[in-house]
Amino acid sequence: MSLPHAILTALLEKPSSGLELTRRFDRSIGYFWSATHQQIYRELGKLEQAGHIRALPSQAPARGQKKEYEVLPAGRAELTDWVRRSEDPKPIRDALLLRLRAAAVVGTEGMEVELRRHLALHQAQLEEYLGMERRQFPPERDARADRLRHLVLRGGIELERFWTAWLTEALAEFDRER
């Protein structure tokens, strides 16, 4: 249910075409709620049918011209209701954790290499997030909306810090066996 809400959020921040939304998902929203180009277009159609968004009238209608969408009052109301809802945290469901548990039973061959690969990926993601933080959130950017967006990015930063620390600890366990 969250993809339509992610799209409504993005469109309230800035009316956009499907292609622009896809690019914005790739640059920001997609770090914590990913969606393919096809999923975004499918949801745009559903949101338009539900009366939550509309295509903005274009200056000069032309075949193949991209539609730009905006959120209608019903869409804003839906997003507001969704923000207010209570939702329990989701349990962690990570294949790497399950594979490490299985390795305790069937043997650890290949696990150390995989843990090192994951560590490198999380370190790279952490560096990317820290770079985004430096570029997008200078100290003078202090509006409430900016602080809330920064808080979301800080959540991503802290998750990457957790994974790098945990993977480092897991690899230390492999080093203990040598």
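## Pocket and nonpolar cores

Ser-2 counts as buried, at 15% relative accessibility (buried means under 20% relative accessible area with a 1.4 Å probe, protein chains only). The model is predicted, so local features need pLDDT of at least 70 and side-chain atom pairs count only at pLDDT 80 or more, while totals for chains, interfaces and linings use all residues. Residues are numbered from 1 along each chain as its sequence is written, and side-chain values use heavy atoms, with hydrogens and water left out.

Ser-2 lies in helix H1 (helices are DSSP runs of H or I of at least four residues, strands E runs of at least two, numbered from the N terminus). Not counting residues up to four places away in sequence, Ser-2 touches Trp-33 and Trp-82 (heavy atoms within 4.5 Å).

The largest nonpolar core has 17 residues (a core joins buried Ala, Val, Leu, Ile, Met, Phe, Trp, Tyr and Cys through side-chain atoms within 4.5 Å). Among those touching the most other members are Ile-7, Phe-25 and Ile-40. H1 gives the most to this core, six residues. A second, separate core of ten residues includes Leu-96 and Leu-167.

The largest pocket holds about 2100 Å³ of space. A pocket is an open set of points on a 1 Å grid over the protein atoms alone, where a 1.4 Å probe fits, with protein on both sides within 12 Å along at least five of seven lines; lining residues have an atom within 4 Å of a point. The volume is the space filled by probe spheres set on the points, which are joined across faces, edges and corners.

| Lining class | Residues |
|---|---|
| Nonpolar (Ala, Val, Leu, Ile, Met, Phe, Trp, Tyr, Cys, Pro) | 21 |
| Polar (the others, Gly among them) | eight |
| Charged (Asp, Glu, Lys, Arg) | 13 |

Technical notes
Buried < 20%, exposed > 50% of the residue type's maximum accessible area, 1.4 Å probe, protein only.
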